Amino acid sequence: MDKYTIIDVDTHVTEAPDLWTSRVPASMRDSVPYVDSDKRGRKLWYLNGQAFAKVGLTATAGAGDMKEPPNDYTEMHPGAYDAKSRLEYMDEMGIWAMVMYPNVGGFGNQQFLKIGKPDLMLSCVQVYNDWQTEWASADPRRLLPITSIPFWDIDASVKEIERCLAFGHRGILFTGEPHTFGEPVLGDPHWNPLWEVAVEHDLPISFHIGSGNMEGGLSREKMKTYGPMSTFTALSVDFFLRNGMQLSDLLISGVLARYPSIKFVSVESGIGWIPFVLEALDYQFMGNRVAEERKDLDMLPSEYFKRNVYACYWFEQTAPQRLFDKVGVDNILFETDFPHPTSLYGEEVHDRIKGGLSECDQQTRDKILWDNAAALYKVEAPTTTDLEKVA
């Protein structure tokens, strides 16, 4: 690799086992996420005495898979949890910058709702954001934090966004399905303060897959009938398509009409489904004469998408070769999802890029792999010294 060629817009950092227990008051330590071993010696994350995730399940890249994930941090790729090792891996891969998302709190921070104590729920979000800021300090030009928010408290969410902005955070993580947690729908004025702070500071808002209510996804009945890995395979695709539902909701919500400069990102959901969703929305919009009912919607859903929404792809080969013009090359970002089970790792990163972008001209490649993300996340370009490291 003779230079950096990629900005990776979706990666995850494996949280330290004492991330929360070492940072909250002693009286609260029994009520926050912690790591312990079960009777079989497996390292698990616990909350309220209940195990909810294997430690290594979100860090399988180069070290295992969904069926046989690493059992402990020593078995993971060190770049999963160590910032210096992450930067070294990025240098090897020609990746200049990585946008970072959580695991333990959930992809929309919904896990903290189980705590049930508002003050402690807020503390857990703040503790995570502080830890992520510290982790990114290894090179804040290249490790880009996204602010987790306590979405169940809109005022606290705005304050947390403004607090983390001062620490160099580059975006906002929000559930694309707030109504599944008993909160108002996206188009409700309740969320206006969130949209306003995003616009004021030019921060994109991420809908990461799995940000809605995920209860019951891995049902015992399905796992018994289909098998655990088969069930998870179907569930993974369900998650991708649920982002399509969130996108449909967003495009009809009126949020994009009220805030013309706001930006949203559909994360880890692919792009192949987008042309169908946009075509279907436009068709239904016209056929149902929505413009007569909604005077605020003065453009077609596809036009709002083009102006306000980005989507990320990684493994797909068909969509990059055939559908870029239907999605819009200015709306597409590239990710690896490192170090998750579905991530691209090692040579597969460049193999997938080569296969998907082989018929694209250089300007299109540059937009998708670099330019779009650089503008969206305000990424500082590498210096001559940086480039010499990978020459």
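Modeller: On a 1 Å grid over the protein atoms alone, a pocket is an open set of points with protein on both sides within 12 Å along at least five of seven lines, a cavity is a set of points where a 1.4 Å probe fits but cannot get out, and lining residues have an atom within 4 Å of a point. This is a predicted model, in which local features need pLDDT of at least 70, side-chain atom pairs count only at pLDDT 80 or more, and totals for chains, interfaces and linings use all residues. Residues are numbered from 1 along each chain as its sequence is written, and side-chain values use heavy atoms, with hydrogens and water left out.

Colleague: Thanks! Which element gives the largest share of the lining of the second largest pocket?

Modeller: The lining includes Lys3, Tyr4, Thr5 and Ile6, along with His350, Arg365 and Trp370 among others. Helices (H or I, at least four residues) and strands (E, at least two) are DSSP runs numbered from the N terminus, and the elements giving two or more residues here are helix 13 (347-357) and helix 14 (362-376). The largest share, six residues, comes from helix 14.

Colleague: How many charged residues are in that pocket's lining?

Modeller: Asp, Glu, Lys and Arg count as charged; Ala, Val, Leu, Ile, Met, Phe, Trp, Tyr, Cys and Pro as nonpolar; and the others, Gly among them, as polar. In the second largest pocket, five lining residues are nonpolar and three polar, and the charged ones number four.

Colleague: What is the volume of the largest cavity?

Modeller: The count comes to two cavities of 30 Å³ or more. Phe207, Asn243, Leu247, Leu250, Phe264, Val265, Ser266 and Val309 line the largest cavity, with helix 6 (228-253) and strand 10 (264-267) each giving two or more of them. A volume is the space filled by probe spheres set on grid points, which are joined across faces, edges and corners. For the largest cavity, that space is about 40 Å³.

Colleague: Does the charge pairing hold any sequence-distant link; which residue pairs with Asp91?

Modeller: A salt bridge is a side-chain nitrogen of Lys or Arg within 4 Å of a carboxyl oxygen of Asp or Glu, and the whole structure has 13 of them. Asp91 sits in helix 1 (residues 83-93), and its partner lies 51 residues apart, in the loop between helix 2 (118-136) and strand 6 (143-145). Both are buried, that is, under 20% relative accessible area, whereas exposed is over 50% and partly exposed in between (1.4 Å probe, protein chains only). The closest N and O atoms are 3.0 Å apart, and the partner is Arg142.

Colleague: Lovely. Which residue pairs with Lys367?

Modeller: Lys367 lies in helix 14 and its partner in the loop between helix 12 (324-327) and strand 12 (332-334), so the pair ties together parts 37 residues apart in sequence. The partner is partly exposed, at 42% relative accessibility. With the closest N and O atoms 2.7 Å apart, the partner of Lys367 is Asp330.

Colleague: Why is Cys360 in no disulfide, and which cysteine has the closest sulfur?

Modeller: A disulfide is a pair of cysteine sulfur atoms within 2.5 Å, and the search of the whole structure finds zero. Cys360 itself is buried, with a relative accessible area of 19%. Its sulfur has no partner because the closest cysteine sulfur is 17 Å away, too far for a bond, and belongs to Cys312.

Terms used
Contact means heavy atoms within 4.5 Å.
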